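Visitor: I am new to this structure and would like a close look at a single part, namely its aromatic rings and the core around them. Please take me through that part slowly.

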Amino acid sequence: MSKELEHAANLIVNADGLLICAGAGMGVDSGLPDFRGEEGFWNAYPALKTAGIGFQQIARPYAFLSNPEQAWGFYGHRLKLYRDTTPHDGYRILREMGEKLSHGAFVFTSNVDGHFQRAGFNRICELHGSIHHMQCIDGCEGGVWPVSFVPNVDEDQCRLVTPLPRCPACGGVARPNVLMFWDNAWLSHRTDRVRPQLESWLEGVENLVTIEVGAGKAIPTIRQFAQRQKGALIRINLHDPELPSYKTGVSLQMGGLEALQKIEAILARR
């Protein structure tokens, strides 16, 4: 693996811009669950296992219509978890890698935890939105607003104990501004504003290197986006590290934090 790590370090040194593509596996080293398989999800939420409710059932708009206290029990717990968890050191390593390049770094992520913002990144395209913002479940004209409430969740029952958050425009139940399963009501305003900035940045980078961390195959949007970009791809993935035959770069079958720390150590010796 040392040869592959040296190759990754060389690609970063010779780049002038860093595209960071991150999936759920990026947060695992911070202690966040990635819900890999139904059992992985149920291990994190045993009350939903008892009720026979899977990830795709609770993570959809209908859950907020049929049982909003339970839906917010799930999302409220996640909100508190993301707030209370410190982003691991790999975020710092990526930020400092980007700071050394003339075009800097841009993040493209499916994660909704807001950890890239907390780690000091300022160019971030959140493909699936952010749990730190809300919108109305009734589809009124209230738009999107930052989350201000502090959820109190009965974890044994996976139910919100505090009053349901409400839309400031119509008073209806609010939902997270994240793209859920079977979701045709997600307001993508925040993502839509950043996407042209990302495309313009990509056009201006001559020697792009992409570092993809923890992006799985179940929903392959992040992997596919990373593979479409010019330049080399450094794919860091403990479970699905392989690169397609047409793509130049290197695959590292490692956890994100471990791989980034080892690359940083190589760069520090130069």
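Guide: Rings of Phe, Tyr and Trp (for Trp, its six-membered ring) count as a pair if their centres lie within 6.5 Å, and planes under 30 degrees apart are called stacked, those over 60 edge-to-face, and the rest tilted. This is a predicted model, in which local features need pLDDT of at least 70 and side-chain atom pairs count only at pLDDT 80 or more, while totals for chains, interfaces and linings use all residues. Residues are numbered from 1 along each chain as its sequence is written, and side-chain values use heavy atoms, with hydrogens and water left out.

By that definition of a pair, the structure holds 15 aromatic pairs. One of them joins F41 and F74 edge-to-face, with 5.7 Å from centre to centre and 75° between the planes. The two rings come from distant parts of the chain, since F41 sits in helix α2 (residues 37-44) and F74 in helix α6 (residues 68-84), 33 residues apart; helices here are DSSP runs of H or I with at least four residues, strands are runs of E with at least two, and both are numbered from the N terminus. F41 is buried, with a relative accessible area of 0%, and F74 is likewise buried at 0%, where buried means under 20% relative accessible area, exposed over 50%, and partly exposed in between, using a 1.4 Å probe and protein chains only.

Another edge-to-face pair is made by F55 and F181, with 5.5 Å centre to centre and 90° between the planes. F55 lies in helix α4 (residues 55-58) and F181 in the loop between β8 (174-178) and α9 (189-204), so this pair ties together parts that are 126 residues apart in sequence. F181 counts as partly exposed, at 22% relative accessibility. Ring pairs link these four residues into a cluster together with Y45, F64, W72, Y75, F149 and W182.

The picture widens with the nonpolar core, a set of buried Ala, Val, Leu, Ile, Met, Phe, Trp, Tyr and Cys residues joined through side-chain atoms within 4.5 Å. The largest such core has 35 residues, and F41, L48, I58, W72, F74 and Y75 touch the most other members. Helix α6 gives the largest share of this core, six residues. Setting aside neighbours within four places in sequence, W72 is in contact (heavy atoms within 4.5 Å) with residues including F64, M134, F149, L160 and V173. A second, separate core of 34 residues includes A8, M26, F121 and I236.
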